[in-house]
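Here are a few exercises to work through with a structure viewer open. Try each task yourself before reading its solution.

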Amino acid sequence: MEARFVGAVARPGQPFPTTLPQVAFAGRSNAGKSSLLNRLVGRKHLARTSKQPGRTQQLNFFEVAGQYALVDLPGYGFARAPGPERRRWARLIRWYLQRDPGPVGLVLLMDSRRDLVDEDRAMVVLLQEIGLPTLFALTKSDKLGRQALDRALAGRRRELGIDADQLLATSSVTGSGVSDLRDSISALAGGPSPTSPKP
Ligand SMILES: Nc1nc2c(ncn2[C@@H]2O[C@H](COP(=O)(O)OP(=O)(O)OP(=O)(O)O)[C@@H](O)[C@H]2O)c(=O)[nH]1
Ligand SMILES: [Mg+2]
């Protein structure tokens, strides 16, 4: 799939580097946002990833197949980042999500092996306030067996109060769940799936 980096936004108020509809990737630091974005577009090293949390520090925009843009956000909840840095990222994310026009949708990523943290819940509340259409994805599903994964899915669904079709299990390593996520993102962005066959 054709995907390219078109620019970044480092501070509130800066213009967006794309006019395509945008779907943002949000979640805790190290949840696997950049990895999943890469897997989704089939480009291993497009967005920078790292074992060290706090890799992504600005809003990175990637145009996909000329149809929509994916926006890789800095992660939240990275305790070792200096306080001012963390507050700066939080302000930037909040500004972006509330901007009008802003993103048309968001994918909230959560590590399937971890419980929700307060920052996840705060993000969900913010998304509800804004009324931003949101998909939820459990990441790193390759790290769990089937039963543990099913338990994690059921638990998150209950905690978040969402329907089964709003929550996917994904793996950037095996690619599991990625084509479903791609289809859901295309639907969010309002266009046909870039990979779906032409009628
Ligand atoms: N096993 C496994 N590891 C993964 C998966 N996705 C990401 N990882 C690993 O998790 C770590 C963090 O991945 P990133 O994609 O950089 O995470 P991020 O959410 O973008 O992190 P920040 O930019 O710091 O917010 C890296 O070491 C990845 O290799 C996955 O599906 N399976
Ligand atoms: Mg990242």
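The exercises below use a predicted model, and each comes with a worked solution.

**Exercise 1.** Find out which strands pair with strand S5 (residues 105-111), and in which sense.

*Solution.* Start with strand S2 (residues 22-27): S2 and S5 pair in the parallel sense over five bridges. To see one of these pairings, find Ala-24, whose bridge partner in S5 is Leu-106. Next, turn to strand S6 (residues 134-139), which pairs with S5, also in the parallel sense, over six bridges. Here Leu-109 has Ala-137 as its bridge partner in S6.

**Exercise 2.** Work out how many residues of S5 are buried.

*Solution.* Check each residue of the strand against the cut-off: a residue is buried if 20 or more other C-beta atoms lie within 10 Å of its own. Six of the seven residues of S5 pass, so the strand is largely enclosed by the rest of the structure.

**Exercise 3.** Name the handedness of the unit that S5 and S6 make with helix H3 (residues 118-130).

*Solution.* Follow the chain from S5 through H3 to S6: together they make a right-handed β-α-β unit.

**Exercise 4.** Place Ala-152 in the model: is this residue buried or exposed, and what is it in contact with?

*Solution.* First, locate Ala-152 in helix H4 (residues 146-160). Then count: Ala-152 has 21 C-beta neighbours inside 10 Å, so it is buried. Finally, set aside the neighbours within four places in sequence; Ala-152 is then in contact with Ser-112, Leu-138 and Leu-144.

Terms used
Residues are numbered from 1 along each chain as its sequence is written. Chains are lettered from A and ligands numbered from 1 in the order in which they are written. This is a predicted model: local features need pLDDT of at least 70, side-chain atom pairs count only at pLDDT 80 or more; totals for chains, interfaces and linings use all residues. A residue is buried if 20 or more other C-beta atoms lie within 10 Å of its own, exposed if 12 or fewer, and partly exposed in between; C-beta atoms are placed from the backbone. Helices (H or I, at least four residues) and strands (E, at least two) are DSSP runs, numbered from the N terminus. Two strands pair if DSSP finds at least two bridges between them. A crossover is right-handed if, with the strands pointing away from the viewer, the path from the first strand over the helix to the second runs clockwise. Two residues are in contact if their C-beta atoms, placed from the backbone, lie within 7 Å.
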